[in-house]
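Reader: I should like to go through this structure with you, starting with its domains and then turning to the ligands. Could you take me through it step by step?

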Amino acid sequence: MNFQQAQTIAQLNGEEAIPTVCGMCGPGGPGGGCGIYAFVRNGVFTRVAGMDECPVNKGAICAKGHAAPQWVYSADRLKYPLRRVGKKGEGKFERVSWEVAITHIAEVLTEQKALHGAKSLAILTPAKRAYSAYLQRFLTAHGSPNYGHSGICAMQRAFAFLYTLGDYPRPDYNNADLIIYWGRQPIYAGPVAPPARAFLAAKKRGAKIVAIKPSVEPDVGMADIWLPVRPGTDAALALAMLHVVIRENLIDHEFVEKWCYGFNQLRDHVLQFTPEWAESVCGVPVFQIEELARLYATTPRATIDLGNGVEHAPSANDAIRAIGILMAITGHLDRKGANIFIKPPANAPKDITLRDRYDRDLVEALVGPEFPPAFQPFLEGPSSAYYRILESVLTEKPYPIRGIIAPGTQPLVSTRGTKTVLAALEKLEFFVIVDVARTAEMAYADIVLPVATCYETDHPYHNVPGWLMAPNRVIEPLGPYKSTFEFFLDLGKAMGYGNDFWSGDIAAAMDDQLMPLGLDMAQLRQHPTGIVKQPPPQDYEKYQTVFNRRSPRLGNPPFLPQGKVALYNNSFEQEGFSPLPEWREPPESLSGTPELAGEYPLILSDYHTSRNYSASWQRNIPHLREIQPVPVLHIHPEAASAREISEHDWVRVSSPYGWMKVQAELYPGIRPDTVMILHGWWQGCSELGIEDYPIADGGANVNLMYSVDPEKAYDPLVTAMTSQTLVEVTKWRELQ
Ligand SMILES: Nc1nc2c(c(=O)[nH]1)N[C@H]1C(S)=C(S)[C@@H](COP(=O)(O)OP(=O)(O)OC[C@H]3O[C@@H](n4cnc5c(=O)[nH]c(N)nc54)[C@H](O)[C@@H]3O)O[C@H]1N2
Ligand SMILES: Nc1nc2c(c(=O)[nH]1)N[C@H]1C(S)=C(S)[C@@H](COP(=O)(O)OP(=O)(O)OC[C@H]3O[C@@H](n4cnc5c(=O)[nH]c(N)nc54)[C@H](O)[C@@H]3O)O[C@H]1N2
Ligand SMILES: [Mo]
């Protein structure tokens with residue numbers, strides 16, 4: 001609905017309709033970017049409607065967005081700041097004030113810094129959040145590089161593409177005749193509307209759609225071709241496609257000649273990756289590999305949308321590089337309807353990450369570099385991989401992290417190796433949780449700070465391409481809450497970093513960031529439904545044509561030393577990595593460890609997005625839990641019947657590292673050798689009488705099932721962590 005309609009309806013019902021931004025797709029508020037009207041009656045937040053004026057959702061809103069009031073009033077909300085009084089893991093806390101909690105944290109961090117150096121502090125954050133820049137700023141002011149990025153979300157793609165192509169190649173959905181969704185979930189992955197709209201519009205236009213993923217999801221239902229790849233084997237598939245296009249001479253000679261470096265080495269290198277070899281690894285039949293390679297290479301307007309599905313494997317970097325190379329040598333780069341480079345917006349809000357203070361010393365101090373130090377700081381600044389930070393607590397190599405702040409992230413369920421993480425949290429000297437609700441690892445915290453949801457604050461400003469808005473407070477905070485932004489301002493000030501933290505004044509912080517855009521929060525707030533800025537470029541003609549006009553990155557070391565697409569990558573070679581994309585098996589797989597297949601004959605993997613949950617939260621929201629009440633394992637009917645498993649039977653899924661108890665859903669749309677589950681299950685829902693599941697064995701936390709062997713479990717260059725293993729599935733029997 002639009003602003004006028006929202007006001008009219010509210011008036012009729014004795015309500016208020018407050019324009020603001022949805023916060024259900026990512027912690028910290030505007031992660032998702034959908035504009036909403038929040039309805040309030042007698043001071044109570046009751047319901048949500050999509051905002052027509054918002055260019056992101058254009059009035060649409062998903063189930064998660066609608067469920068926001070139940071999240072805000074959830075029984076799981078933290079009530080006040082807590083300080084641990086019992087032993088770690090016991091879960092005994094005393095209530096303290098916000099000020100006492102902040103002072104306590106500042107004292108401990110100051111002492112740890114004096115004794116062990118600033119680098120002994122890490123902050124965990126698996127993905128880019130609305131408040132990410134605040135935690136980077138805090139770390140840099142403190143003197144630590146240990147920003148704990150995931151090793152599991154988007155940065156792996158950014159890295160491999162930048163060092164191969166010089167920029168991130170965006171799919172030009174609007175002009176493509178062939179769209180390949182590769183490890184991507186275009187229908188459920190929020191913010192809700194744009195990818196689904198692009199998908200449906202392409203379909204309506206008659207564009208051909210290809211889905212590459214192990215099991216059927218709504219996008220596959222509407223696709224023309226489905227390549228049911230084995231989990232974690234995308235690099236093998238991409239290498240074989242390179243083999244076919246080179247063997248059959250389906251390449252764009254002019255582009256290769258002019259803009260690619262190292263074609264001869266690539267040609268010789270991919271000879272070994274035949275479709276027959278690839279079939280034995282990735283399970284896609286030879287004819288389909290050849291068919292797709294030819295179709296892609298010979299369709300002039302063909303694009304690839306690469307998602308998270310390719311980032312969760314030890315050969316993630318190789319897969320992404322190989323796919324980037326495929327775009328380049330077939331001439332599908334920087335062309336209309338292909339993959340294109342978008343010009344960055346001319347004026348952006350101020351970068352507050354204190355980038356000018358990054359130096360070699362800071363990078364050398366990383367406890368577990370997400371990318372090798374030679375490639376740091378990368379886009380978001382220096383980063384240590386999330387899991388490696390936790391591991392250092394146990395191994396003390398190269399030194400132990402002693403203090404961790406977890407703002408809006410749950411290490412026991414979000415990263416791999418649950419059992420190692422548990423041991424690390426037991427040993428960790430000082431652990432601070434900053435969250436809106438009870439988390440999986442709360443019993444291990446020394447201090448827990450309860451923060452306001454975005455419906456209880458009026459910041460940050462919201463800035464997505466084409467739209468700028470000041471969110472409004474919908475209701476007064478339900479407890480003694482501040483926002484995650486204010487937490488870092490308060491802590492910065494208490495640590496003596498007030499100069500870098502606007503003396504603790506959040507309004508000043510927001511205005512400072514907005515300055516380059518020529519307005520402040522008060523001016524922005526005068527536009528209740530935000531300011532629609534220059535819409536983002538939609539047509540190819542408006543994009544910067546990187547290879548003709550030269551992007552700011554091209555030829556700008558260290559990205560592309562030759563100023564050309566790096567088919568052969570000298571930058572990687574110099575650091576001891578393969579200059580050409582390779583194939584690396586997951587730690588356990590049917591082709592790599594056949595000796596395990598007797599005991600564990602099925603491949604297990606998982607996926608991230610679903611239509612009604614975000615990551616590992618929101619299972620405690622009754623409206624959402626009713627839609628999808630139990631964790632289901634998709635298993636092919638043949639695999640199920642061979643094990644005497646019927647629909648909705650509870651089953652035990654065992655890997656070499658742990659076991660889960662979940663429900664079987666007989667699913668014809670999955671590879672018969674593979675089972676898959678949505679990750680992120682642990683929360684109960686007290687309103688529906690559902691209890692929490694165990695975090696480790698016997699629950700449904702898939703991250704405990706995988707290897708974390710540093711030699712095998714992640715990509716050595718980009719630390720992408722494996723989410724593939726081998727399992728056996730058996731019918732659950734009570735006295736098992
Ligand atoms: N096996 C497997 N593991 C995965 C993935 C996968 O596909 N498979 N996906 C990976 C990906 S892509 C990601 S991004 C990560 C996600 O990992 P995390 O970001 O760690 O996700 P959650 O564990 O759901 O933690 C989010 C927390 O934020 C809290 N929260 C919500 N709003 C706010 C707020 O405004 N402020 C604060 N401070 N807290 C808030 C929620 O209560 C919740 O506790 O998981 C990764 N892990
Ligand atoms: N509703 C909702 N929306 C979200 C989020 C959320 O939690 N909920 N989270 C946000 C975040 S943090 C992220 S990172 C994005 C993620 O959004 P996407 O990048 O779309 O990633 P996924 O949702 O993990 O979808 C990956 C797809 O790849 C498939 N897949 C799994 N393994 C493999 C494999 O080995 N190879 C191939 N080819 N495919 C595979 C999965 O089945 C799935 O269909 O979504 C964002 N939007
Ligand atoms: Mo993510």
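Author: Before any distances between domains are given, a definition is needed: the domain bounds come from an automatic or database domain assignment. Please also keep in mind that this is a predicted model.

Reader: Understood. Into which domains is the protein chain divided?

Author: The protein chain is divided into domain 1 (3-72), domain 2 (82-152 + 350-460 + 466-532), domain 3 (166-343 + 550-574) and domain 4 (594-731).

Reader: How far apart are the C-alpha centres of domain 2 and domain 4?

Author: Those centres are separated by 30 Å. The contact between the two involves 24 residues of domain 2 and 22 residues of domain 4.

Reader: What area is buried there, and which residues of domain 2 lose the most?

Author: Between domain 2 and domain 4, about 2000 Å² is buried, and carbon and sulfur atoms give 54% of that area. On the side of domain 2, the most area is lost to domain 4 by Val413, Arg416 and Lys419, which together give 32% of what that side buries.

Reader: And the polar side of it? How many salt bridges cross the interface of domain 2 and domain 4?

Author: The rule finds 2 salt bridges across that interface. In addition, 16 residue pairs are in polar contact across the interface of domain 2 and domain 4, with both residues at pLDDT 80 or more.

Reader: Which elements of domain 2 give two or more residues to that side?

Author: They are helix H16 (386-395), helix H17 (411-414) and helix H18 (418-427). By class, the side of domain 2 that touches domain 4 has 10 nonpolar, 8 polar and 6 charged residues.

Reader: Let us move to the ligands. How many residues surround ligand 1, and which are the closest?

Author: Ligand 1 is surrounded by 31 residues, and the closest are Arg129, Thr409, Ser414, Asp435 and Asp606.

Reader: What are the polar distances from ligand 1 to aspartate 435 and aspartate 606?

Author: An N or O atom in the side chain of aspartate 435 is 2.7 Å from an oxygen atom of ligand 1. For aspartate 606, a side-chain N or O atom is 2.6 Å from a nitrogen atom of the ligand. Arginine 416 also takes part: an N or O atom of its side chain is 3.0 Å from a nitrogen atom of ligand 1.

Reader: And what surrounds ligand 2?

Author: Ligand 2 has 29 residues around it, the closest being Gly190, Glu217, Gly232, Asp234 and Thr609. Polar side-chain atoms lie 2.6 Å from an oxygen atom of the ligand in the case of glutamate 217 and 2.5 Å from an oxygen atom of the ligand in the case of threonine 609. Glycine 309 comes in through its backbone, with a polar atom 3.4 Å from an oxygen atom of ligand 2.

Reader: Back to salt bridges. How many are there in the whole structure?

Author: A search of the whole structure finds 33. One of these joins aspartate 305 to arginine 184, with the closest N and O atoms 3.0 Å apart. This pair links distant parts of the chain, 121 residues apart: aspartate 305 is in strand S13 (residues 302-306), while arginine 184 is in the loop between strand S9 (178-182) and helix H7 (193-205).

Reader: Finally, the backbone. Where are there cis peptide bonds?

Author: One joins glutamine 376 and proline 377, with omega about -5°, and another joins histidine 459 and proline 460, with omega about 0°. Proline 377 is in the loop between helix H15 (360-364) and strand S15 (384-385). Proline 460 is in the loop between strand S18 (447-450) and strand S19 (462-464).

Reader: What is the phi of alanine 154?

Author: Alanine 154 has a positive phi of about 70°, although it is not a glycine. Most residues other than glycine have a negative phi.

Conventions. Residues numbered from 1 in each chain as written. Chains lettered and ligands numbered in written order. Heavy atoms only, no water. Contact = heavy atoms within 4.5 Å. Buried area = accessible area lost by both parts, 1.4 Å probe. Salt bridge = Lys/Arg side-chain N within 4 Å of Asp/Glu carboxyl O. Polar contact = N/O pair within 3.5 Å; in protein donor to acceptor, adjacent residues only side chain to side chain. Helix = DSSP H or I, 4+ residues; strand = E, 2+ residues; numbered from the N terminus. Nonpolar A, V, L, I, M, F, W, Y, C, P; charged D, E, K, R; others polar. Near = heavy atom within 4 Å.
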